[in-house]
Amino acid sequence: MTYEHLDTDLVNELLENGRASLRSLAEELDVSVTTVSNHLSDLEDEGVIEGYTPIVNYDAAGYDVTAVMQLKAEGSALAEITETLRDHQQMMSVYEVTGDYDIVAVGKFKDTDDMNDQIKALVTDPDIKQSNTSIVLNKVAENEQFELETDGDS
């Protein structure tokens, strides 16, 4: 195998099986274990691969309610609000966005009472000018990752 697309192929193999051993990756990619190890270290150093974590099924763990919050923030308080949300244990994603709202946050909660208590505590911040919370009815796709394209692929 040429090394031209090795990093991309290595990432794609790990997307299929994040627990694959160096030896099995080397066999699949037709390179040495040392080559896989070196390229993997480089990908980690470059921040392409940031860690190895399990994919948790939060529904099975008892977090049955997913809420999507849209928040309008007082201009100077945006960073503080996003930091508060980011540090909140049950917030899965926090984004600064364009459009009618400044922030979109997605959280997981055990039930609607848990969600209601925590969202009320978050949105009573006087720097939040407006909020809109939606409850997810049906999870269609979540935590999906996609294979990287090699140069020249479309």
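Hi everyone. Let me start with a term: a residue is called buried here when its relative accessible area is under 20%. Keep that in mind, and keep in mind that this is a predicted model.

Let's look at the sheet. Four strands make an open sheet in the order β2-β3-β1-β4, with antiparallel pairing. The edges belong to β2 (91–96) and β4 (128–135); each has a single partner strand, so one side of each has no neighbour in the sheet. On average, neighbouring strands here are turned by 15 degrees against each other, direction ignored.

Now to β3, my favourite part. How many of its residues are buried? Seven of the seven, so the strand is largely enclosed by the rest of the structure. In a regular strand, side chains alternate between the two faces of the sheet. In β3, one side carries I103, A105, G107 and F109, the other V104, V106 and K108, and all of these are buried. Yes, that includes the lysine, K108.

Who pairs with β3? With β1 (residues 65–73), β3 (residues 103–109) forms seven antiparallel bridges. Among the partners, V65 is matched with F109, and V68 with V106. With β2, β3 pairs in the antiparallel sense over five bridges, and there V94 stands opposite A105. The hairpin of β2 and β3 has six residues between the strands, and G99 in this hairpin takes a positive phi near 110 degrees.

Finally, the helices. Helix α4 (residues 78–87) lies across β1, β2, β3 and β4, at about 165 degrees to β2. Helix α5 (residues 112–123) also lies across β1, β2, β3 and β4, running at about 15 degrees to β1. Thanks, everyone!

Terms used: Residues are numbered from 1 along each chain as its sequence is written. This is a predicted model: local features need pLDDT of at least 70, side-chain atom pairs count only at pLDDT 80 or more; totals for chains, interfaces and linings use all residues. Side-chain values use heavy atoms; hydrogens and water are left out. Two strands pair if DSSP finds at least two bridges between them. Helices (H or I, at least four residues) and strands (E, at least two) are DSSP runs, numbered from the N terminus. Axes are lines fitted to C-alpha atoms, for helices over the stretch in contact, and angles run from 0 to 180 degrees between N-to-C directions. Contact means heavy atoms within 4.5 Å. Buried means under 20% relative accessible area, exposed over 50%, partly exposed in between (1.4 Å probe, protein chains only).
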